[in-house]
Amino acid sequence: MTSLLLNGAATQVAAAPETRLSAALRDECGLTGTKVGCDAGDCGACTVLLDGAQVCACLVPLAQAEGRAVTTVEGLAATPQGAALQAAFHSHGAAQCGICTPGMLMAATELLAATPNPDEAQVQAALGGVLCRCTGYRAIIKAVLTLSTAAPPPPGAVGDSIPRLDGLPKLDGSERFGADDAPADALWLRPIRSPHAHARFSIGDASHLPARLLTAADIPGRNGFGIYPDIKDQAVFAEGLARYRGDCVAALVGERAAVEAVRWEDLPITWQELPPLTAATAPGAAPLHPRWPDNILTTGRLRSGETAPPAAHTAQGQWTTGFVEHAYIEPEAGWAERHGDTIHVHGCTQAPYMDRDEVAAVLGIPLDNVRIIPSACGGGFGGKLDVSFQPMVAVAAWLTGRPVRAVWSRGESLASSTKRHPASIHATAACDAAGRLTSFEFTADYDTGAYASWGPTVAGRVPVHCMGPYRVPYVRSQARAVLTNNPPSGAFRGFGVPQAAIAQEMLWDQLADATGLDRLEFRVLNALREGDTTNTGQHLRHSVGLVECLEALRPHWHTLRAQRRTTGRLRGGVGVACMWYGIGNTGMPNPSTMRLTLAPDGRLTFHNGAVDIGQGSTTVLAQIAAEALGLPVSALHMVLYDTALTADAGKTSASRQTFVSGRAAQAAGAALRGEILRRANAGPDARLTLSDGTLRVNNEPLRLDTTLEGTGSYDPPTVPLDADGQGIPYATYGFAAQLAALEVDLDLGTIHLQKIVAAHDVGRAINPLLVRGQVEGGIAQGIGLALMEEYLPGRTENLHDYLIPTIGDVPDIETILIEAREPLGPFGAKGIGEPALVPTAPAILSAIRDATGATLRRVPALPHRVLEAIRGH
Amino acid sequence: MKPAPFTYARPADWPAALALLAEGARPVAGGQSLGPMLNLRLALPERVADLRHLPGYAGVSMQGETVRIGAGTTHAAIEDGVVPGRLGEILAGVARRIAYRPVRNRGTIGGSFAHADPAADWCAVLPALPGHAIALGPEGERRIPLAEFVLGVFETALRGDELLRAIELSALPPATHFGHWKFCRKPGEFSKATACVLATPGAAPTAVLAALDAAPLVIADASALLADPTAEAARLVATLALEDPWRAALARTALRHAAEAAR
Ligand SMILES: Cc1cc2nc3c(=O)[nH]c(=O)nc-3n(C[C@H](O)[C@H](O)[C@H](O)COP(=O)(O)OP(=O)(O)OC[C@H]3O[C@@H](n4cnc5c(N)ncnc54)[C@H](O)[C@@H]3O)c2cc1C
Ligand code: FES
Ligand code: FES
């Protein structure tokens, strides 16, 4: 028995003395507000106060807390300062997905106790041990610095910066993420994964183990999953052949202690290592899957223009990028329970409807017998679109009849989850003497790893986007997704476009210099404008705000360039880059349906199936629905994403929820409003109010005998691409331009970022606070892509070798919102989730070139690569 | 993953701690290095002996001109100034830059030195300072000069039956110059190159170059480095024959910056 003073109350904890404090708090005391993201001191999600001092609870054995005061996020609201901190986080949008928030709050509490009025450097130092993957940290710093000045929020009309409606549970520890909730009697599932990139294996008799070993033979239905209806190439449990390090070959299921006690050597698995396929496209290379004999999963192409106009200048180059990990702070986690012939699967996901289809097929049961109940999702960024634990816990619960839960460790999450595709790009561009682009040719191989995942989507999106948002009369582009024995590359914020944007923007810098044009003016000159036709043959009638973005950056460009140091060891540089991004699926249907109901007792309910993974769709869609209906957001009750309770709103990806689901929400609001007005016999401008359960139309009470309903669906109008990449791939596009100012240390090759200015055309900012949060978070991920992140299988399977930006790595960010209204979008809105990340890396590389003259050919721009580039220049 | 099962012992006094050690128990102090190793099953001890509660394990005492720092003194306590005088200022400056505050709140100077991670901050600084590591074994205390304590990567002069009891340092005059430079790719990360130079009035200057994936390079007389930092840094690093040119550049830069700051 260990006694603690836990959040002010004397508490006895029965766990063994060596139990980690984080585990004791979560498993024994039920205080799941303390999160676990790594168990190694790297992420800070488990930060609590021990006698007022912040510590990683994963590195404190329970016995060391004997007799001490332990404060967790659950105890924070009891102090005025804690409550003020929570309020400040809420009003500044400092919690997006919320998984890092408890740790951030605890670290800030220690700081403020000793230093009530800290400066920015002190905040960065005190919170430096806690990682956040969503916010880019700027809102967190602001919240800690400006505790007392939280102004009351506006009512929540479209265009109002209201704090997120689902925000409060993220601040007091009550939010339930995938690992926070499961029946007490749940069995534990532990996947067994290949330690080899390529190996044959056989599994012998497992009857000596104290737990059941599930293998491919136990799958009742189809032992395969995958994003595409016709590509189910990834097995739940591999059958005799492991194709990447991390491939799952079996799973132990049983009582937790028994499952965890099984040592690797006890497993009856024999491995025969095979040479991993690295040069997969070499002639004669053995195929990874018989279905793709040349290891080429898909090739996307675009041909536009018959001949290139005469050119005065050409530029060309090659670029390579590495694997990038999503590094959501919440590793994959969830649980399943069988109810008769139905299975319920709970846990973190970005795509509940796709999960339902996969689970049904793997179990071999009808769709209606599967219910997916998403937990809060501690970050996704594309990595939680593919199933992970879902089919495994479903099979285990189905077979054992007991609830079964699973929580991936950080190492396992890193090894097994999808990655951003490494790209190997060759591109050539040309312009005339005046700097007008004449041609662009692009070929790229994207390493799609061992399984298809989203490879075809990436190969489809890249050729369409790779020339960027510019007028180019002649384009030839091709992107191949190539299979290798690497981790599967999947969806990651931008679907291959961020890699392509690096090549495109670096070439523009070279051409601008060749023509003697200012780099920003070169982009203005060539930018797409309303009325232009894209290289897929799409006529852009509306909402092309790129020139406005660049014009908004121009004064910053001149100021930052004038300020930069051009002599000495630290050399200043300013870079610029643009992007465009098609909102929604590429030339494929992607409908969403939203529903509003008004019951006779006046209860107004918004049934919203769009998963909020921290980006804020729950808030934004409610603002849209309420505005269309004509009632305040505060009148809405919410029923959120649950495949049994809400209609299909598609997946949370491709920056589509604001645009596609938003249009559906707007239609649902309008439909319910129409129904109300018809019953009240009122005109279109009638004023609705709802109070004390009574709906009033122009102040006249309207009595209802049945529940009224408004349903709205939307599927953006697209035309599939033909073999030359011609068609209407997206109904609308987001546009952006960003500036990066930095200094390069010429001795060490290190980069110090000074400022990023981001101008984004979002059509309409439904909630500017949340839009800014997406921009800042996207930029932080762009910084990681540009400067530090590179996943190496087997070598960076933790968060101290795999570095992501910390609170000290993200500079001041100024966000400028441009609103070139999109008539198709809800109240003119488009999307922002992915666009924010795309221009950051090219802008940083452009700035490095400005500072040093050196063009980086390989990202991330690690210091030794920067030095090599400078020396080779 | 949970650590593999082990038993946890909390010895009440030093003899009990030494007895546990003799039975094969693994000592734990702040747990900031051992904890991750246990959690990830990189260390699989059957028994762990928690040193934190031992009498006099943490804290600082003065005996004349000698400052005795208990091995269990945390980085945070040193950062916050438990060590007095010029020496305290120098140590606080080093402590402040170790990892992040939560790690500093738990991690100890003794645990860090005994662990002898080649990139650890104390291993890169203590060998430059005049003083001794105090080892406690079955026969009592033994004094090991600080410059001779770290022998290699995760290897020290401590014997298997000894614990690190304290660090004893000489107080430093106010006019002491100290230069310290380290390179981390991100704030709080383990260093990729660390150097320090100590110039005490009336004594030969000393220097250490560390984070080399090897034992630290201790320079007992760093006069030449102080006289010409660039040339001497280049000469010293050349003797190491480092394979990676970037790491060599970092090492040169570290020595040069530390020397320039100590002048
Ligand atoms: C995320 C993270 C980042 C870090 N970054 C840095 C950094 O930048 N720089 C840095 O220097 N350190 C860093 N550390 C390590 C940290 O400073 C540790 O606190 C320190 O290295 C070990 O001290 P400890 O008291 O925690 O020792 P423990 O983890 O308790 O023990 C470490 C080892 O020493 C042994 N040991 C402990 N005490 C004694 C003793 N008295 N006698 C004999 N053997 C003993 C233990 O058996 C164990 O093998 C980091 C740690 C983490 C988790
Ligand atoms: S879980 Fe403790 S630091 Fe990551
Ligand atoms: S809000 Fe910080 S990790 Fe999601």
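**Close-up 1. Ligand 1 and the residues around it.** Among the 32 residues that surround ligand 1 in this predicted model, the ones that come nearest are Gly41(A), Gly30(B), Gln32(B), Gly107(B) and Gly111(B). The ligand itself lies between chains A and B. Several elements of chain B give two or more residues to this shell: β2 (26-28), α2, α5, α6 (109-115) and β10 (163-170). Look for α6(B) in particular, since no element gives more to the shell; its share is five residues. Sorted by kind, the shell holds 16 nonpolar, eleven polar and five charged residues.

**Close-up 2. Ligand 1 and the two domains of chain B.** Why does ligand 1 lie between domain 1 and domain 2 of chain B? Domain 1 (7-49) and domain 2 (60-170) both give residues to the shell around the ligand, so ligand 1 lies between them.

**Close-up 3. Where chains A and B touch.** This contact draws 28 residues from chain B and 32 residues from chain A. On the side of chain B that touches chain A, the elements giving two or more residues are α2 (34-39), β3 (47-50), α5 (101-106) and α10 (245-262) of chain B. Of these, α5(B) gives the most, with five residues. The chain B side is made up of 13 nonpolar, seven polar and eight charged residues.

**Close-up 4. The five-stranded sheet of chain A.** Here you can follow an open sheet whose strands come in the order β2-β1-β5-β3-β4 (chain A), with mixed pairing. At the edges are β2 (9-13) and β4 (53-56) of chain A, each of which pairs on one side only. From one strand to the next, the twist averages 40°. As a reminder, the strands of a sheet pair through backbone hydrogen bonds, and they may be parallel or antiparallel.

**Close-up 5. A strand pair and the helix on the sheet.** Strands β3 (residues 47-50) and β5 (residues 69-71) of chain A run antiparallel and are joined by two bridges. One residue to pick out is Leu49(A), whose bridge partner in β5(A) is Thr71(A). Helix α3 (residues 101-114) of chain A packs on the sheet, where it touches β3 and β4 of chain A. The direction of α3(A) makes about 35° with that of β3(A).

**Close-up 6. Helix α8 of chain A.** Is α8(A), which spans residues 390-400, mostly covered or mostly uncovered? It is mostly covered, with nine of its eleven residues buried. Among the buried ones are Met392(A), Val393(A), Val395(A) and Trp398(A). Just after this helix comes Gly401(A), which takes a positive phi of about 75°.

Key: Residues are numbered from 1 along each chain as its sequence is written. Chains are lettered from A and ligands numbered from 1 in the order in which they are written. This is a predicted model: local features need pLDDT of at least 70, side-chain atom pairs count only at pLDDT 80 or more; totals for chains, interfaces and linings use all residues. A residue is buried if 20 or more other C-beta atoms lie within 10 Å of its own, exposed if 12 or fewer, and partly exposed in between; C-beta atoms are placed from the backbone. Helices (H or I, at least four residues) and strands (E, at least two) are DSSP runs, numbered from the N terminus. Two residues are in contact if their C-beta atoms, placed from the backbone, lie within 7 Å. Ala, Val, Leu, Ile, Met, Phe, Trp, Tyr, Cys and Pro count as nonpolar, Asp, Glu, Lys and Arg as charged, and the others, Gly among them, as polar. A residue is near a molecule or strand if its C-beta atom, placed from the backbone, lies within 6 Å of it. Domain bounds come from an automatic or database domain assignment. Two strands pair if DSSP finds at least two bridges between them. Axes are lines fitted to C-alpha atoms, for helices over the stretch in contact, and angles run from 0 to 180 degrees between N-to-C directions.
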